[in-house]
Amino acid sequence: MTSRLNPPRVGQDHMPTNPSGLRQTYNASSLSSLDEASDPGSPDRHDAEVSAHRHGAGPSRQRPTEATALLASVLDLREHAHEGPCTHGTFSPRPTSPTASTAGGSLSPTDSDAESILPGIDGVVPEGSSRKRRSWKKRWASKIRSKKMSTSSALAERHGVRDSTLMYLSYYLPVLVWAREYNWSYFKGDFVAALTVAGMYVPMALSLADNLAHVPPINGLYSFVFNPLVYALLGSSPAMIVGPEAAGSLLVGTVVKGSVDRGRGGDEDANLHARLCGIVTGMAGAMVLISGIGRLGFLDSVLSRPFLRGFISAIGVVVAVDQLVPELGLNRLAEHAHIGHASSVDKLAFIFKNLDKVHMLTFIVAATSFVIIMVCRELKRRLQPRYPGVAYVPDRFLVVVLASFLAYWYEWDKAGVAVLGKVEAASGHIFTFRWPLQPSNMSYMRDAVSTSFLIALLGFFESSVAAKSLGGDGFADIQLSPNRELVALGTANVIGACFSSLPAFGGYGRSKVNRSTGGRTPVSSIILSLLTLLCIIFLLPYLYYLPKPVLSALISVVAWSLIEECPHDVKFFLKIRAWQELALMSIIVLATIFFSLSFGMAIGVGLSLLQVIRHATRPRIQILGRIPGTNRFENAELNLDRLEFIEGCLIVKIPEPLTFANTGELKTRLRRLELYGSSLAHPALPRLRGEDWNRNIIFDIHGVTSLDGSGTQVLEEIVRDYRQRGVRIFFSRGPGHDSEVGRLLRRSGIIELAGGERQFVNDVHEALKMTEAEEGEPGITSDRIS
């Protein structure tokens, strides 16, 4: 749409080249007098600079800057409105539509390129081609193609790249990419890596299910059967291994305990516990999947680092205290005292009270297993840089096998040591398909929705950290995408939930083991799924004599790893004096230890969301001052002593999009700039700036890249109020005439209220010249600042 040109104002063609000749300037260090600013350069040179910065509507092109679009030369195929430089400001006229010109019956190269690209970008079909009858397949494809895909098609055609449906399908199904690149040279490394990971983490899955989630141990193995397989087909991080985690398993256990406390089942109702596990996993997977479809990959940034560190450390403390009860052989006493669902502080009090009743053989088995695993862990960490082969040693698997053999040979179960017993599915069948999100489970779903949301958020965050850490070694040039990760993880958990598996997400620890032992491709995840399946089918009977204190020791090692990073973060926050972050971490840890995991979770999420809301709703407007001797302007509050201010003008920069979230206090902060010249001044101060100092308001809106209805309405009210008070309004570095922000400014009447499109200029310096031209008072003198 073209804009109607306004007639030039009288005197506008004779604007002064430098506003300091009329407009007085002053700086903060000399508040007692106003000094004239020096001429930064010759008038001819300055006019050349100004004209070079104008928005070119004619053939003249804007000088490239850091804000110039990368594809400007490729996509800017519009015809220009007139010859010569354009002086119509931001809203320069544009032709109504592009036209294809011919010369001698043939198109020029530029016209030919434009004709081939325009249908994919602007949706404008060149004359003649619209008469061609397109097939129904092409018409259907044109309706479902997004703007980004259309632009990609235009670029592919321009550079001779074949644009096909398979290309886009391969992006969303990475298996179509890496399957073509895979060869048998990768298989040895993938097989060895999968065998190593299985030896170390399959016993861990049994521990997580039995000791933390309080579900049948086989449900932990299901997480290594279905989830890695699905993720290998859909995931965008080839070396990442998906599996159950301590945090998610513990949160599943809180749902199971809560159901028992409400009288919906007993502690021995394995079938109900397995159903609840599937429901929680299914809801978490559905949330993650919907987030991926909705392109919410930025959600991993919602929770702050202090919250995550505090919450994970609190989980480590809770897990460690929980495992002390079975490691000391106090299970039966705890059941009689009903201490299993109490807080960590109550459990510690129970343990100290019953130290004389500790089962010594159970304690020796647990302590020995814990020490061996921790020593092996430390030796691996120290020796692996010099001897990479130590990473292949499955120390945890060897501890489990040796403990099981000793328990069988010496009959530890008859001596009072608890063993795992018969491992079987609660339904009686190895694999039972059961859709978890059915209406009959609605009451359980309502109780578990908040916990499922936190499992989804924590799981995706940990997966995101692991994927980014492994992103540099992508196989087959697969690009890491947070949205595709959400889809892959969500799909994997929804499918796993149909068989009541634990929630499974990416973990950096096992992914690092997988990569360091030779795993480079998603085939290692597929082999891990097959090995776990073989374990379920053939090896479950041999797990009967596995001592439960050994499983508790495995979980205690995980708890140690969750806690050991907390001192480093605390030391860092103390170093930078980040008291707010330290307070948040302390509150979460204390609330979790003294009350419950759910309470600590609620407190942490609530405080984090309050921080996000506070940060998002605070306007970041700035008052600008000029660097002496130049036409550059900077934030005056950061450089108060070395900047000069223009008498009679208030220059305000709005460096962010205006939405309903950040415009609530915009009027208040703008008023504070009028009264005090700073948004940092306390409102109790009397007025420091006179009304005459705000005769002209210049808004630098280069950062306003988007506007919503609420932001537009507030901006319109601000402009209307200024105009009613007789204040002149100018907008610097505004949006393009055809942009969404430009259309909103036009429809809302803001442009008309401000005085027309001539009030929209290319830079602040040009706006200052226009203020002098409109005032037309060469004898202005400024009041001395006392």
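Exposed here means over 50% relative accessible area, and partly exposed means between 20% and that value. The model shown is predicted.

**View 1. Arginine 577 in a loop between two helices.** Arginine 577 sits between helix 23 (566–575) and helix 24 (579–594). Its phi is positive, about 60 degrees, although the residue is not a glycine. Most residues other than glycine have a negative phi. At a relative accessible area of 64%, Arginine 577 counts as exposed, because the cut-off is over 50%.

**View 2. Glutamate 411, a second non-glycine residue with positive phi.** The phi of Glutamate 411 is about 55 degrees. This residue belongs to the loop that joins helix 17 (395–409) to helix 18 (442–470). Glutamate 411 is partly exposed, with a relative accessible area of 40%.

**View 3. The largest cavity and its lining.** The whole structure holds 7 cavities of 30 Å³ or more. The largest encloses about 80 Å³ of space. Its lining includes Ile218, Asn219 and Tyr222. Also lining this cavity are Ala274, Ala425, Ala426, Ser427, His429, Thr432 and Arg434. Phe499 and Ser500 complete the list.

**View 4. Helix 9 at the wall of the largest cavity.** Helix 9 (residues 218–222) gives the largest share of the lining, 3 residues. By residue class, the lining of the largest cavity splits into 6 nonpolar, 5 polar and 1 charged. Arg434 is among the lining residues, and arginine counts as charged.

How values were computed:
Residues are numbered from 1 along each chain as its sequence is written. This is a predicted model: local features need pLDDT of at least 70, side-chain atom pairs count only at pLDDT 80 or more; totals for chains, interfaces and linings use all residues. Side-chain values use heavy atoms; hydrogens and water are left out. On a 1 Å grid over the protein atoms alone, a cavity is a set of points where a 1.4 Å probe fits but cannot get out, and a pocket is an open set with protein on both sides within 12 Å along at least five of seven lines; lining residues have an atom within 4 Å of a point. Grid points are joined across faces, edges and corners, and a volume is the space filled by probe spheres set on the points. Helices (H or I, at least four residues) and strands (E, at least two) are DSSP runs, numbered from the N terminus. Buried means under 20% relative accessible area, exposed over 50%, partly exposed in between (1.4 Å probe, protein chains only).
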